[in-house]
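Good morning, and thank you for coming. Please look at the sequence and the structure on the screen while I go through a few of their features in turn.

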Amino acid sequence: MWLTLTGLEGWALTNSQPSHGTSRFKMELQVPSLPVLLSSFLVLLIIVRRVFSSKPKHVGPEFPTPSRLPFIGSIHHLIGKLPHHALRDLARKHGNVMKLRLGQVDQIIFSSREGAQQVLKAQDANFAFRPEFTAAKIIAYGQSDIAFSNGEYWRQLRKICVMELLGAKRVKSFVSLRKEQVGRLMSDVSNAAAIGKPINLGERLNELTNSIVVQASFGRRCQQQRKFMETIKEVIKMASGFSVGDLFPSLKVVDVLTGFSTQLIKYHNKLDAILDATIKEHQMTREGDEEEEDLIDVLLRLKDEGNLEVPITFDNIKAVVIDMFAGGTETTANTIEWAMSELMLRPSTLQRAQKEVREAMKDKGYIEETDVPQFSYLHDVVKETLRLHPPFPLLFPRVGQETTEVLGYTIPAGSRLLINVWSLGRDPRYWKEADSFKPERFEEGVNREFKGNDFEFLPFGAGRRMCAGMTFGLTTLELTLSKFLFHFDWAFPKGVKAEDIDMSESFGASASRKVNLLLVPSLRYPFPTLD
Ligand code: HEM
C-alpha cells in the first residue's frame, strides 16, 4: 500500500537495517498511494468543513410551538386579537423564541432583547432580508422599493437614502415646506379655537404629514395629489397583513379568485399613471439647483448621471416614491396623536411639557425648528409615546439567508422572523411600571434611546434595515407637538371625560388609534401669521 522513496527528505524517516556491518541511516519517505491520497483528502475536507462551517453542528432544541390545527396551523391563536397582542400572550406561555405555523408558512417570533440583539445586530448580515409579499410585488414594481427589496440593489437604495433622500441635509432643505404646512395646521386649529370647535386630530395630522411627504417628493408640481393620496390610503389598507397567497403559497390562485390581486393591480395602475405624469412633468421642468430639488428630482438626477453600480429605472424611482408615502405619513401622524392622547390622560405630564416649551419660548412668542432640540422633556414624551405605541409593532418581517443558531435554536435558511418590539417596550423585565406613560423614566438611571442600541426599545428597528426616515419623521413630529403645546390649551369635547377615551389600537399597517382623538383647543399664545 505504501510507496517507499529512498534518498528523499520528507515525511517519514525510517531507521533501516544496517548492512555489511556498517551502520548507516537510510532516509525513506512514505507517501500514500493515489486512491488513498484522494480519499484521505476528501475525509480531511469534510472534517475541515464541519469544523469551520457556519452551520451549527447540532439541530438544537425543538422550538416551543403553540398548538396547531390541520391546514390553518396556529392562525386560530391570532383570531380576534391584534397580532402583536396575541403574540405577546403566546410568548408568555411558550417563551421568548417560538415557532408559529401560519397556514403553510413557519414564522419564528422573538420576544426578548437578547433575541432582538442577535437578529438585528449580531447576525444582521444574515437576517437583513425581506420575504416576498403579494401586495409588495404588485404595488412596488416587483418589490423594488427600499422596504422590501434585497441584496445589492437594496444596498444601493439605502446608500441613496442616507446620502441623498432622507439624510440630515436633505431633511433640513425642507424646512420652509414644514414651516408652511405646520403653520397652516396651527392656523386651522386657531380658527377652531376661536369658535370652540373640536378638532379631529387624527384626520388633521394625517393631512399634514401627507402634504409634507407629497411636496417633499413631488414638489409643488403634482396636479393630482389628492387622488394619489386617496389611492395610497386604499392600498395601505388592503396591503396590511397577509394575503391568502402569502400564508398558503400553494394556493396563490385564491388571491386572483377573490379579486385581491386584481384590485391591487387596479390601484397600482392608478398610482402608476399619476407617477408617470409627475415624472414627465419633472423631466420637462427640471432646474439645476440641487438645494431646491424634490425627491423625484434627486432620483432622476442619479438615474441620468449614470454612476450607480446598479442602474435604476423609472419603475424603481416610482417604487421608492411609494415607500415615502407608505413609511412616512401614518407613522408620524399616529405618533403625534398618541402623544396627545397620553398627555390628555395625565394632566400633570401635559402641564410639565407645556411649561418647558412656554418658559423657553415666551419671549420669542413662536417656535422654529432650530428651537426644538432644547426641549428635552418633549423629547422624552416622544420617546415614551414610541415605547408604548411603536407604529410597526412587529417591525417588517425578515428572512434568514443561511442556517444559523440564535439563542441555542437552529434557524434554518429561509426562515421568516418577526420581532415583537411592542411587547419589548411593555415588558416588566425591562421597564418599571411598564404600562404607565411616564416620560421622566428617561431621566432616571441609564438613559435609553431609540437609535437601535437598546434592544428593549426599538420603535425604529435596528441594524442595516432600521428605519431610513427617522430624522425626517422626528423633525415633523417634534415641531408639530411643540407648537401644539406652546400655542394651545386642550380639553375634551363637552361631556367627554378622560375615562371615556378609548385607547385601543386599530388593525392595520401601522398601529393607529381605533377612534380618532377629538380635542377642543383654546389659543394661549397667538402666533405670527408667517409662523
Ligand atoms: C415616527 C416615525 C417613524 C417610525 C416609528 C418608523 C419606523 C420604522 C420601522 C420600525 C421600520 C422597519 C425596520 C425594520 O424592519 O427593522 C421602518 C422602515 C422604513 N422606514 Fe420608517 N418610521 C417612521 C418614519 C418614516 C419616514 C418619515 C420615512 C420616509 C419619509 C420612513 C421610511 C422608511 C423606509 C424607507 C423603511 C425601510 C427601510 C429598509 O427596509 O431598509 N419612515 N420604519
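In which sense do strand β4 and strand β9 pair, and over how many bridges? The two strands run parallel, and 4 bridges join β4, residues 105-110, to β9. One position to find on the screen is Ile 108, which stands opposite Leu 417 in β9.

Before I continue, please keep in mind that this is a predicted model.

Let us stay with β9. This strand, residues 416-419, also pairs with β6, residues 398-399. Here the sense is antiparallel, and there are 2 bridges. Val 399 is the residue that stands opposite Arg 416 in β9. As a general reminder, the strands of a sheet pair through backbone hydrogen bonds, and they may do so in a parallel or an antiparallel way.

Are the faces of β9 covered or open? Both faces are covered. Arg 416 and Leu 418 are on one side, Leu 417 and Ile 419 are on the other, and all of them are buried.

I turn now to another sheet. Three strands form an open sheet, in the order β5-β11-β10, with antiparallel pairing. The strands at its edges are β5, residues 199-200, and β10, residues 488-491, each of which pairs on one side only. Between β5 and β11, residues 518-523, there are 2 bridges. Within this pair, Asn 200 stands opposite Leu 518 of β11.

Let me place these strands in the whole chain. The chain contains 20 helices and 11 strands. It has 531 residues, of which 51% are buried. If we take the contacts in the chain with a separation of 6 or more, 74% of them are between residues 24 or more positions apart.

The next topic is the ligand. How many residues surround the ligand? There are 27 of them, and the closest are Arg 130, Trp 154, Arg 158, Arg 398 and Cys 467. Sorted by class, this shell consists of 16 nonpolar, 7 polar and 4 charged residues.

Which protein atom is a donor to the iron atom of the ligand? The only protein donor is the SG atom of Cys 467, at 2.3 Å. Cys 467 is located in the loop between α19, residues 421-425, and α20.

Several distances between polar atoms can also be given for the ligand. An N or O atom in the side chain of Arg 465 is 3.0 Å from an oxygen atom of the ligand. For Phe 396, a polar backbone atom is 3.3 Å from an oxygen atom of the ligand. In the case of Gly 327, a backbone N or O atom lies 3.3 Å from a nitrogen atom of the ligand. The elements that contribute two or more residues to the shell are α6 (151-165), α15 (314-328), α16 (330-345) and α20 (470-487).

Helix α15 brings us to a single residue, Ile 317, which is found in that helix. Is Ile 317 buried or exposed? Its relative accessible area is 0%, and therefore Ile 317 is buried. Apart from neighbours within four places in sequence, Ile 317 is in contact with Ile 279, Leu 299, Leu 300, Lys 303 and Ile 312. The C-alpha atom of Ile 317 is separated by 9.5 Å from that of Leu 295, which is 22 residues away along the chain.

A second buried residue for you to locate is Gln 215, in helix α9, residues 201-218. Why does Gln 215 count as buried? Its relative accessibility is 14%, and buried means under 20%, so Gln 215 falls in that class. When residues up to four places away in sequence are not counted, Gln 215 touches Leu 177, Gln 181, Arg 220, Gln 225 and Asp 294.

Finally, I should like to point out two backbone angles. Tyr 141 is not a glycine, yet it has a positive phi of about 50°. Tyr 141 sits in the loop between α5, residues 134-139, and α6, and at 14% relative accessibility it counts as buried. Glu 433 is likewise not a glycine and has a positive phi, here of about 40°. The place of Glu 433 is the loop between α19 and α20, and Cys 467, the iron donor, lies in the loop between those two helices as well.

Thank you for your attention.

Notes: Residues are numbered from 1 along each chain as its sequence is written. This is a predicted model: local features need pLDDT of at least 70, side-chain atom pairs count only at pLDDT 80 or more; totals for chains, interfaces and linings use all residues. Side-chain values use heavy atoms; hydrogens and water are left out. Two strands pair if DSSP finds at least two bridges between them. A residue is near a molecule or strand if one of its heavy atoms lies within 4 Å of it. A polar contact is a pair of N or O atoms within 3.5 Å; within protein, one must be able to donate a hydrogen and the other to accept it, and residues adjacent in sequence count only if both atoms are side-chain atoms. Ala, Val, Leu, Ile, Met, Phe, Trp, Tyr, Cys and Pro count as nonpolar, Asp, Glu, Lys and Arg as charged, and the others, Gly among them, as polar. Buried means under 20% relative accessible area, exposed over 50%, partly exposed in between (1.4 Å probe, protein chains only). Contact means heavy atoms within 4.5 Å. Donors are N, O and S atoms within 2.8 Å of the metal (3.2 Å for Na, K and Ca); water is not among the atoms, so sites may look incomplete.
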